[in-house]
Amino acid sequence: MEPFEYVVVLFSLILGLGIAQLLTGIADIVSNLKNTKTTLAHSVMVFNVFLLHIQEWWYSYQYASDVKVWTLPLVLFLLVYPILLFLLARMLFPTGLRGHETNLEEYYYDQWKWFFGITLSIIVVSFLQNIIVSGWAITSQIPQYLMALAYIAFLTLDIQNKKAHNIFVILQGLAWLIWAIVDPYELK
């Protein structure tokens, strides 16, 4: 077994747990649809987080060629991204003490700062990993800058407007979807 194969198992496990959280949350909604109040912003954010999980799984393969020597600090650094994704996936649905809640609109607007804060952290970690591990130029990460600035604006301006949230998460989802479609990265 190659070192990359050994390490990627843990990445995949954490990403799989995050996807399981998302699918379980969706199944819970569908099974109780009559009694669940959903909202566009929450639903699109769930879709976006699912896309991020798939994107991380897809791009983690590049580490097979980008990383020549695997060390524990490097692995821990690379695990931050999937761990943050898992936390976001877990927090997107009411669980634990809030598990009885079925008003996802109210839940989203109560928790959106946490969702956006974690997503901002994910963007920063991605930016750092792209530079440190993959050797990307700082100037090649303009989309990450813009996305981070948008999240910072929402958080610092404390934007509560539902229409603004809907538009923002839809634009974010479209951006990630377009990026996924036009991205030239291939597994080799």
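**Exercise 1.** In this predicted model, find which residues phenylalanine 115 touches, leaving out residues up to four places away in sequence.

*Solution.* Start at Phe115 and look for its contacts beyond that sequence window: they are Met45, Leu88, Met91, Leu92, Tyr107 and Tyr108.

**Exercise 2.** Place Phe115 in the largest nonpolar core, and work out which elements build that core.

*Solution.* Step one: the core has 36 residues, and Phe115 is listed with Met45, Leu92, Tyr108 and Phe116 as having the most contacts inside it. Step two: two or more residues come from each of helix H1 (3–31), H2, helix H4 (72–91), helix H5 (104–132), helix H6 (142–157) and H7. Step three: H5 provides the largest share, twelve residues. Now look elsewhere: a separate core of 13 residues includes Phe4, Ile14, Val75 and Val133. As background, nonpolar side chains in soluble globular proteins tend to be buried together.

**Exercise 3.** Turn to the surface and locate the nonpolar patch of about 930 Å². Which helix gives the most to it?

*Solution.* First, pick out some of its members: Leu40, Phe47, Ile167 and Leu174 are among them. Next, match the patch to helices: H2 (40–59) and H7 (162–182) each supply at least two residues. H7 gives the most, with eight residues.

**Exercise 4.** Decide whether isoleucine 170 is buried, partly exposed or exposed.

*Solution.* Ile170 sits in helix H7 and belongs to the nonpolar patch. Its relative accessible area is 34%. Buried means under 20% and exposed means over 50%, with partly exposed in between, so Ile170 is partly exposed.

Note on methods:
Residues numbered from 1 in each chain as written. Predicted model: local features only at pLDDT ≥ 70, side-chain atom pairs only at ≥ 80, totals over all residues. Heavy atoms only, no water. Patch = residues over 30% accessible without salt bridge, like charges linked within 9 Å, V, L, I, M, F, W, Y side chains within 5 Å. Areas by Shrake-Rupley, 256 points an atom, 1.4 Å probe, with all protein chains shown as cover. Salt bridge = Lys/Arg side-chain N within 4 Å of Asp/Glu carboxyl O. Helix = DSSP H or I, 4+ residues; strand = E, 2+ residues; numbered from the N terminus. Buried < 20%, exposed > 50% of the residue type's maximum accessible area, 1.4 Å probe, protein only. Core = buried A, V, L, I, M, F, W, Y, C linked by side-chain atoms within 4.5 Å. Contact = heavy atoms within 4.5 Å.
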